[in-house]
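Work through the exercises below with the model open. Each task is followed by a solution in steps.

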Amino acid sequence: GNLVKELLPFSKYPSVPLTALCTDISTKMLLAGSKEGHVMRWSIASFLEDPQNSKNQIKEELCWRAHSTEVVDLFHEEEKNVVVTASIDGSVRLWHAMNGYYLGYFGQPRKLELLDISRLILPCDVNNFPTTIKEESKHMEKKKKCEYPLMLDRDK
């Protein structure tokens, strides 16, 4: 728990309490749901192979807004490659596990098409598209080695 908490400040979204966690069967991927309705996907395979090696880190790969309220549960269905999320608003939604694309919700009038990820749609209460996290960015390292700290200039 503390390790994930340390990673969250480097996420696109501010650090918030995690409310649901799951992994795939082979424990290569960690999925987390947050109190604010986000789902984050991390690659944990290299870290679990050799946690003492500092080069093997947990890497955030994807983040998306799944619900407008808290995610209370989630699981990864590997055969269909989908993530199922549930929220305190009572909705249960399906997402493509690799890119965070919205596939539909339980109880919708149309048939769920799990293979059609060609069109990017969003639920009515979500307006942020999934964010793919690139490899470890160099600008984060530079922030740590700042030679000139920011100073308040009241004249400006």
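**Exercise 1. The overall chain**

How many helices and strands are there in the chain? Add the order along the sequence, then the burial and surface totals.

Solution.
- Note first that this is a predicted model.
- Count the elements. The chain has 3 helices and 9 strands.
- Read them in order. The pattern is α-β-β-β-α-β-β-β-β-β-β-α.
- Check burial. The chain has 156 residues, and 37% of them count as buried.
- Take the surface. About 10,400 Å² is accessible, and carbon and sulfur atoms account for 54% of that area.
- Look at contact range. Take contacts in the chain between residues at least 6 apart in sequence: 40% of them join residues at least 24 apart.

**Exercise 2. The sheet of strands 5 to 8**

In which order do the 4 strands of the open sheet lie, and is the pairing parallel or antiparallel? Then find the edges.

Solution.
- Order the strands. The open sheet runs 5-6-7-8, with antiparallel pairing.
- Find the edges. Strand 5 (71–77) and strand 8 (102–105) each pair on one side only.
- Get the twist. From one strand to the next, the average is 20°.
- Zoom in on one pair. Strand 7 (residues 92–96) meets strand 8 over 3 bridges in the antiparallel sense.
- Name a bridge. Arg 93 has Tyr 105 of strand 8 as its bridge partner.
- Inspect the connection. Strand 7 and strand 8 form a hairpin with 5 residues between the strands, where Gly 100 has a positive phi near 75°.

**Exercise 3. The hairpin of strands 1 and 2**

How many bridges join strand 1 and strand 2? Describe the turn as well.

Solution.
- Count the bridges. Strand 1 and strand 2 share 5, in the antiparallel sense.
- Pick out a partner. Cys 22 is bridged to Leu 31 in strand 2.
- Examine the turn. The hairpin has 5 residues between its strands, and Thr 27 there takes a positive phi of about 50°.
- Place the acid. Asp 24 sits in the loop between strand 1 (18–23) and strand 2 (29–34).
- Test its exposure. Asp 24 counts as buried because its relative accessibility is 9%, and the cut-off for buried is under 20%.

**Exercise 4. Strand 5 against the first hairpin**

Which residues are in contact with Leu 74, leaving aside neighbours within four places in sequence? Repeat for His 76 and Asp 24.

Solution.
- Locate the start. Leu 74 belongs to strand 5.
- Check cover. Leu 74 is buried, at 4% relative accessibility.
- List its contacts. They are Ala 20, Cys 22, Leu 31, Ala 32, Gly 33, Val 39, Val 84 and Thr 85.
- Add a distance. Ala 86 is 12 residues from Leu 74 in sequence, with 6.2 Å between the C-alpha atoms.
- Move along the strand. His 76 is also in strand 5. His 76 is buried too, at 14% relative accessibility.
- List the contacts of His 76, again not counting residues up to four places away. They are Cys 22, Asp 24, Met 29, Leu 31, Asn 81, Val 82, Val 83 and Ala 97.
- Cross-check from the loop. Beyond its sequence neighbours within four places, Asp 24 is in contact with Met 29, His 76 and Glu 78.
- Close with a long-range pair. Asp 24 and Glu 77 are 53 residues apart along the chain, yet their C-alpha atoms are separated by 8.1 Å.

**Exercise 5. Cysteines and disulfides**

Are Cys 22 and Cys 63 buried or exposed? Then give the disulfide count.

Solution.
- Take Cys 22. Its relative accessible area is 13%, so Cys 22 is buried.
- Take Cys 63. Its relative accessible area is 0%, so Cys 63 is buried.
- Apply the cut-off. A disulfide needs two cysteine sulfur atoms within 2.5 Å. The count comes to 0 disulfides.

**Exercise 6. An annotated stretch**

What does UniProt list for residues 64–95? Compare the record with the model.

Solution.
- Read the record. The unreviewed UniProt entry lists "repeat: WD" for residues 64–95.
- Read the model. Residues 64–95 are 0% helix and 59% strand.
- Span the ends. The end C-alpha atoms of this stretch are 10 Å apart.

Conventions. Residues numbered from 1 in each chain as written. Predicted model: local features only at pLDDT ≥ 70, side-chain atom pairs only at ≥ 80, totals over all residues. Heavy atoms only, no water. Pairing = 2+ DSSP bridges. Helix = DSSP H or I, 4+ residues; strand = E, 2+ residues; numbered from the N terminus. Axes fitted to C-alpha atoms, helices over the stretch in contact; angles between N-to-C directions. Buried < 20%, exposed > 50% of the residue type's maximum accessible area, 1.4 Å probe, protein only. UniProt positions renumbered as here; feature names shortened; annotations may be inferred. Contact = heavy atoms within 4.5 Å. Areas by Shrake-Rupley, 256 points an atom, 1.4 Å probe, with all protein chains shown as cover.
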